[in-house]
Amino acid sequence: MTTRKDAPPFDERAFDFFAPVGAEVPLLIDSPHSGRSYPDDFATLVPERVLRGAEDWMVDDLVGDAPLEGASLLAARFPRAYIDPNRRLDDIDPGLIDGPWPTPLNPGPKSALGIGLVRARTNDGAPLLAGPLLAEALRARIERCWRPYRRALAESLHGLHARHGAVWHLDLHSMKSFGTAITPDGPGVERPDMVIGDLEGQSCNPAFTAFVAEQLRALGYSVAVNDPYKGAEIISGSGRPADNRHSLQIEMKRALYMDEATITANEGYDKLKADLRQLVANVAAWTRKAKAA
Ligand SMILES: [Zn+2]
């Protein structure tokens, strides 16, 4: 579909995994929405620039130095508009599937907005798909993309927990700088630099949320907690604080690093990337201390 340098051709790999360089800490960073390898069978009604507004553009690269600080890094290669690994498999509008589906569907509020398992609407609420997907095609997306990604995530977290007795997980995203017609804060509302979400204290120890918020503020960012984004399926499925599994979602305001209209880096890109490396280093140090405590 595209030959842009930042959009490699689609291949069979659902994700990239980068192991730590040097001593491992019990910290996984995942970027489920930065995939930009568009499959040939992906047809949409909208121009590339609108479609690509759905990506958490280049978040995998922004946090690409994490392995140098001892963290593991997992990043999806497939685009979230193709299938979203941060949604339940049954969070899909039955009207989007052409043909019988073998298991019950349970479309939630995200599906109602057109941003369920399969993206049906643009950020402005306009239709994105020409028509429903063949059931077989949806099944193929699940098997080729959704399952391998979620399996890699679960296995990585499981391995770290098994080796260290505890695991911390940052689920990294970027958000449009202003709310839209389909977001909880509504159109035109400017976001803070960072929104961190722990499902109102359910996906990690509150001390971890407070630590990350404090680190981000020390780096000069404005931070909101659980407002307007509390976190979604990935941290809900991964975080079990009672079992020493701590998952936290971070949404970064896109204006910090990109021009959202042209989907290009702005002058803030390198600073954000350096700050994220610093954040990962500080969180890595926290995990070493918390483990020893
Ligand atoms: Zn995202």
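Helices (H or I, at least four residues) and strands (E, at least two) are taken here as DSSP runs, numbered from the N terminus. With the whole chain displayed, that gives 7 helices and 11 strands. This is a predicted model, in which local features need pLDDT of at least 70 and side-chain atom pairs count only at pLDDT 80 or more, while totals for chains, interfaces and linings use all residues. Residues are numbered from 1 along each chain as its sequence is written.

**Whole chain**

Colour by pLDDT, the predictor's confidence in each residue, from 0 to 100. The chain has a mean of 93, and 96% of its residues reach 70 or more. Select residues 1-5: pLDDT stays under 50 there, and the model has 6 contacts for this stretch beyond four places in sequence. Two residues are in contact if their C-beta atoms, placed from the backbone, lie within 7 Å.

The C-alpha trace spans about 55 × 40 × 35 Å along its principal axes. The radius of gyration is taken over C-alpha atoms, and the globule rule is 2.2 Å times the number of residues to the power 0.38. A compact globule of 293 residues would have a value near 19 Å, and the 18 Å of the chain agrees with that. Of the contacts between residues at least 6 apart in sequence, 77% join residues at least 24 apart.

**The sheet**

Next, select strands 1, 3, 2, 6, 9, 7 and 8, in that order: these 7 strands form an open sheet with mixed pairing. Two strands pair if DSSP finds at least two bridges between them. At the edges are strand 1 (15-18) and strand 8 (223-225), each paired on one side only. From one strand to the next the twist averages 20 degrees.

Add helix 4 (residues 135-164), which packs on the sheet and touches strand 1, strand 2, strand 3 (72-76), strand 6 and strand 9; its direction makes about 170 degrees with that of strand 3. Then add helix 5 (residues 206-218), which packs on the sheet against strand 6, strand 7 (194-197), strand 8 and strand 9, at about 165 degrees to the direction of strand 8. Axes are lines fitted to C-alpha atoms, for helices over the stretch in contact, and angles run from 0 to 180 degrees between N-to-C directions.

**Strands 6 and 9**

Zoom in on strand 6 (residues 167-175), where 9 of the 9 residues are buried. A residue is buried if 20 or more other C-beta atoms lie within 10 Å of its own, exposed if 12 or fewer, and partly exposed in between, with C-beta atoms placed from the backbone. Over the chain, 41% of the 293 residues count as buried. In a regular strand the side chains alternate between the two faces of the sheet. On one side of strand 6 are Val167, His169, Asp171, His173 and Met175, and on the other Trp168, Leu170, Leu172 and Ser174.

Strand 6 pairs in the parallel sense with strand 2 (residues 27-31) over 4 bridges; there, Leu28 has His169 as its bridge partner. Strand 6 also runs parallel to strand 9 (residues 245-253), joined by 9 bridges. Three pairs to label are Trp168 with His246, His173 with Glu251 and Ser174 with Met252.

Strand 9 is largely enclosed by the rest of the structure, because 9 of its 9 residues are buried. Arg245, Ser247, Gln249, Glu251 and Lys253 point one way, and His246, Leu248, Ile250 and Met252 the other. Strand 7 pairs with strand 9 in the antiparallel sense over 4 bridges; select Ile196 and its bridge partner Ile250.

**The nonpolar core**

A nonpolar core is a set of buried Ala, Val, Leu, Ile, Met, Phe, Trp, Tyr and Cys residues joined through C-beta atoms within 7 Å. The largest one has 65 residues, and those with the most contacts inside it include Leu28, Val63, Val118 and Leu248. Helix 4 gives the most to this core, with 7 residues. Centre on Leu28: beyond four places in sequence, its contacts include Ala71, Leu74, Leu157, Leu160 and His169.

**Arg119**

Last, go to Arg119, in the loop between helix 3 (109-112) and strand 5 (133-134). Is Arg119 buried or exposed? Arg119 counts as buried, because 24 C-beta neighbours lie inside 10 Å. Leaving out residues up to four places away in sequence, Arg119 touches Ala54, Arg80, Ala81, Asp84, Gly114 and Leu128. Measure to Leu51 as well: Arg119 and Leu51 are 68 residues apart in sequence and 9.9 Å apart in space, C-alpha to C-alpha.
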